[in-house]
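Here is a chain to go through by question and answer. Please have the sequence and the coordinates open.

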Amino acid sequence: MKPARRTGKYLFLLLLVIGAGLLSRRVAGVPLMVGDMLYAVMMYVIVRFFFRSARALIVAAVSAGICYAIEISQLCHPPLLLAIRRTPLGGLVLGQGFLWSDLAAYTLGVLLCVAATGVVRQYREWRRSVKAKRKYD
C-alpha cells in the first residue's frame, strides 16, 4: 500500500475515533467510560501511525503509558497546567480530575485495539492465502 494512502486511512480513522469520543460525551445514556476508552483508542492510532512496524503489544504499552501519564498528571496542579486545562482543547486533552476508573477504561480501550489489530492481521493473511490458491488453480 502506498504511504500517502496509508496516511489517509490513519487520518480518517483518527477523525472517526475523535468524533465518536466527542459524540459519546453529548449523547445521554452513553457511559463516560466509553469516551475514556475511545481516548485510549485515539492514542493507539496516533502511536501506531508513528510506529507502523512495531508489534501491537509495544504500541499498546506506549499508548497506555501516555494515557496513564496524562491521567496521573491530573493529580498535579501547577499554574501552567491549570491554565491549559481551562481551555477547551486543553481540557479535552489533559482532562480535569484523576479517576481510577479512567485507568481501567484506558486499559480496556488499548486491549480492544490489540484484539482488533490481531483480527485485521488474521484477515489479511487469510486473504493472501486465498489469492495465492486462486493464482495456482
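The turns below cover the core, the ring pairs, the salt bridge, the surface patch and some single residues.

This is a predicted model, in which local features need pLDDT of at least 70 and side-chain atom pairs count only at pLDDT 80 or more, while totals for chains, interfaces and linings use all residues. Residues are numbered from 1 along each chain as its sequence is written, and side-chain values use heavy atoms, with hydrogens and water left out.

Me: Which element gives the most residues to the largest nonpolar core?
Reply: A nonpolar core is a set of buried Ala, Val, Leu, Ile, Met, Phe, Trp, Tyr and Cys residues joined through side-chain atoms within 4.5 Å; buried means under 20% relative accessible area, exposed over 50%, and partly exposed in between, with a 1.4 Å probe and protein chains only. The largest core has 24 residues, and Y39, M42, M43, Y44, C67 and Y106 touch the most other members. Two or more residues each come from α1, α2 (32-50), α3 (56-73) and α6 (100-136), where helices are DSSP runs of H or I with at least four residues, strands are runs of E with at least two, and numbering starts at the N terminus. The element that gives the most, with 8 residues, is α2.

Me: Which residues does Y44 contact, leaving aside its neighbours within four places in sequence?
Reply: Y44 is among the core members that touch the most others. Contact means heavy atoms within 4.5 Å. With neighbours within four places left aside, the partners of Y44 are A56, V59, A60, S63, C113, V114 and T117.

Me: How many aromatic pairs are there, and why is the pair of Y10 and F49 classed as it is?
Reply: Rings of Phe, Tyr and Trp (its six-membered ring) pair if their centres lie within 6.5 Å; planes under 30 degrees apart count as stacked, over 60 as edge-to-face and the rest as tilted. The count by this rule is 5 aromatic pairs. For Y10 and F49 the ring centres are 5.7 Å apart and the planes stand at 70°, so the class is edge-to-face.

Me: Where do Y10 and F49 lie, and which residues make up the cluster of ring pairs?
Reply: Y10 is in helix α1 and F49 in helix α2, so their pair ties together parts 39 residues apart in sequence. Y10 is buried at 18% relative accessibility, whereas F49 is partly exposed at 27%. The cluster linked by ring pairs consists of Y10, F49 and F50.

Me: What class of pair do Y39 and Y106 form?
Reply: The two rings have centres 5.8 Å apart and planes at 40°, so the pair of Y39 and Y106 falls outside the stacked and edge-to-face ranges. Y39 is in helix α2 and Y106 in helix α6, 67 residues apart. Both Y39 and Y106 are buried. The class of the pair is tilted.

Me: How far apart are the closest N and O atoms in the salt bridge of D36 and R25?
Reply: A salt bridge is a side-chain nitrogen of Lys or Arg within 4 Å of a carboxyl oxygen of Asp or Glu, and the whole structure has 1. The pair links D36 in helix α2 with R25 in helix α1, 11 residues apart. D36 is buried at 10% relative accessible area, while R25 is partly exposed at 40%. The closest N and O atoms of D36 and R25 are separated by 2.8 Å.

Me: Which element supplies the largest share of the nonpolar patch?
Reply: Patches are made of residues with over 30% relative accessible area and no salt bridge, like charges being joined within 9 Å and nonpolar side chains (Val, Leu, Ile, Met, Phe, Trp, Tyr) within 5 Å. The nonpolar patch holds I18, L22, L89, L92 and V93, with about 440 Å² of accessible area together, by the Shrake-Rupley method with a 1.4 Å probe and, for residues, only the protein chains shown as cover. At least two residues each come from α1 (3-26) and α5 (88-94). The largest share, 3 residues, comes from α5.

Me: Is L92 buried or exposed?
Reply: L92 sits in helix α5 and belongs to the nonpolar patch. Its relative accessibility is 54%, so L92 counts as exposed.

Me: Which residues does L108 contact, leaving aside its neighbours within four places in sequence?
Reply: L108 is in helix α6 and is partly exposed, with a relative accessible area of 41%. The C-alpha atoms of L108 and A40 are 8.3 Å apart in space, with their positions 68 residues apart in sequence. Beyond its neighbours within four places, L108 contacts M33 and M37.
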